[in-house]
Amino acid sequence: MKIRLLLLAFLALASPAVAADEDTAEICAEAETRYVDLFGQPSSDVEDAEVVLMYKYNFCPTQLTVKAGTTVRWVNVDKRTSHSVLLKDGSKAESDRLFPEEFVDLTFLVPGAQDYLCGPHWETQNMFGMVTVEP
């Protein structure tokens with residue numbers, strides 16, 4: 001009985017996280033559909049960069065692992081909202097505002113985790129992401 005109560009309590013606490021993950025997965029699926037509609041190919045077909053989509057105050061994917069020397073391209077696929085990319089460590093200046101269908105590229109050379117955020121939306125919309133660079 002005690003184990004069952006603990007399991008139920010755990011599930012109750014985990015449910016919001018699971019729901020949030022499902023919401024993010026749904027938003028990212030919409031973002032990919034929008035990318036294909038705009039650019040005529042899946043984002044995974046881009047050969048010169050790893051693509052992160054910006055959509056409905058989310059980065060898709062939120063976390064990305066790349067090899068050193070890889071270029072990451074952030075593409076705004078929102079319909080009306082502008083976003084930016086700002087590396088949390090301040091090693092590069094914040095990008096210009098990216099309006100729908102615009103993008104910015106950054107090449108990562110140094111191994112380690114690099115947190116980034118959307119300048120106008122990190123506080124109000126919790127718009128954060130992370131790139132992990134492997135040697």
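**Exercise 1. The largest pocket**

How many residues of the lining of the largest pocket are nonpolar, how many polar and how many charged?

*Solution.* The model is predicted: local features need pLDDT of at least 70, side-chain atom pairs count only at pLDDT 80 or more, and totals for chains, interfaces and linings use all residues. Residues are numbered from 1 along each chain as its sequence is written, and side-chain values use heavy atoms, with hydrogens and water left out.

Step 1. Fix the term: on a 1 Å grid over the protein atoms alone, a pocket is an open set of points where a 1.4 Å probe fits, with protein on both sides within 12 Å along at least five of seven lines, and lining residues have an atom within 4 Å of a point.

Step 2. List the lining of the largest pocket: L87, S91, K92, T107, F108, L109, V110, P111, G112, A113, Q114 and V133.

Step 3. Sort these residues, with Ala, Val, Leu, Ile, Met, Phe, Trp, Tyr, Cys and Pro as nonpolar, Asp, Glu, Lys and Arg as charged, and the others, Gly among them, as polar. The lining comprises seven nonpolar, four polar and one charged residue.

Step 4. Assign elements, where strands (E, at least two residues) and helices (H or I, at least four) are DSSP runs numbered from the N terminus. At least two lining residues come from each of β6 and β7 (112–117); β7 gives the most, with three.

Step 5. State the volume, taken as the space filled by probe spheres set on grid points that are joined across faces, edges and corners. The largest pocket holds about 190 Å³.

**Exercise 2. The sheet that contains β6**

Determine the strand order of this sheet and describe the two faces of β6.

*Solution.* Step 1. Two strands pair if DSSP finds at least two bridges between them. The order is β2-β1-β4-β6, an open sheet of four strands with mixed pairing. At its edges stand β2 (58–60) and β6 (103–108), each paired on one side only.

Step 2. Examine the contact of β6 with β4 (residues 70–76): the two run antiparallel and are joined by six bridges. W74 stands opposite V104 in β6, and R73 has D105 as its bridge partner there.

Step 3. In a regular strand the side chains alternate between the two faces of the sheet. Along β6, V104, L106 and F108 point to one face and are buried (under 20% relative accessible area, 1.4 Å probe, protein chains only). F103, D105 and T107 point to the other face and are not buried.

**Exercise 3. The second sheet**

Identify the edge strands of the sheet that contains β5 and β7.

*Solution.* Step 1. This open sheet, also of mixed pairing, has four strands in the order β3-β8-β7-β5. Its edges are β3 (63–67) and β5 (86–87), each with pairing on one side only.

Step 2. Two bridges connect β5 with β7, and these strands run antiparallel. L87 has Y116 in β7 as its bridge partner.

**Exercise 4. The disulfide**

Which residues form the disulfide, and which parts does the pair tie together?

*Solution.* Step 1. Cysteine sulfur atoms within 2.5 Å define a disulfide. The structure holds one: C28 and C60, with sulfur atoms 2.1 Å apart.

Step 2. C28 lies in helix α1 (residues 2–39) and C60 in strand β2, so the pair ties together parts that are 32 residues apart in sequence.

Step 3. The link of C28 and C60 is left-handed, with -80° about the S-S bond. C28 is buried at 19% relative accessibility, and C60 is buried at 6%.

Technical notes
Buried means under 20% relative accessible area, exposed over 50%, partly exposed in between (1.4 Å probe, protein chains only).
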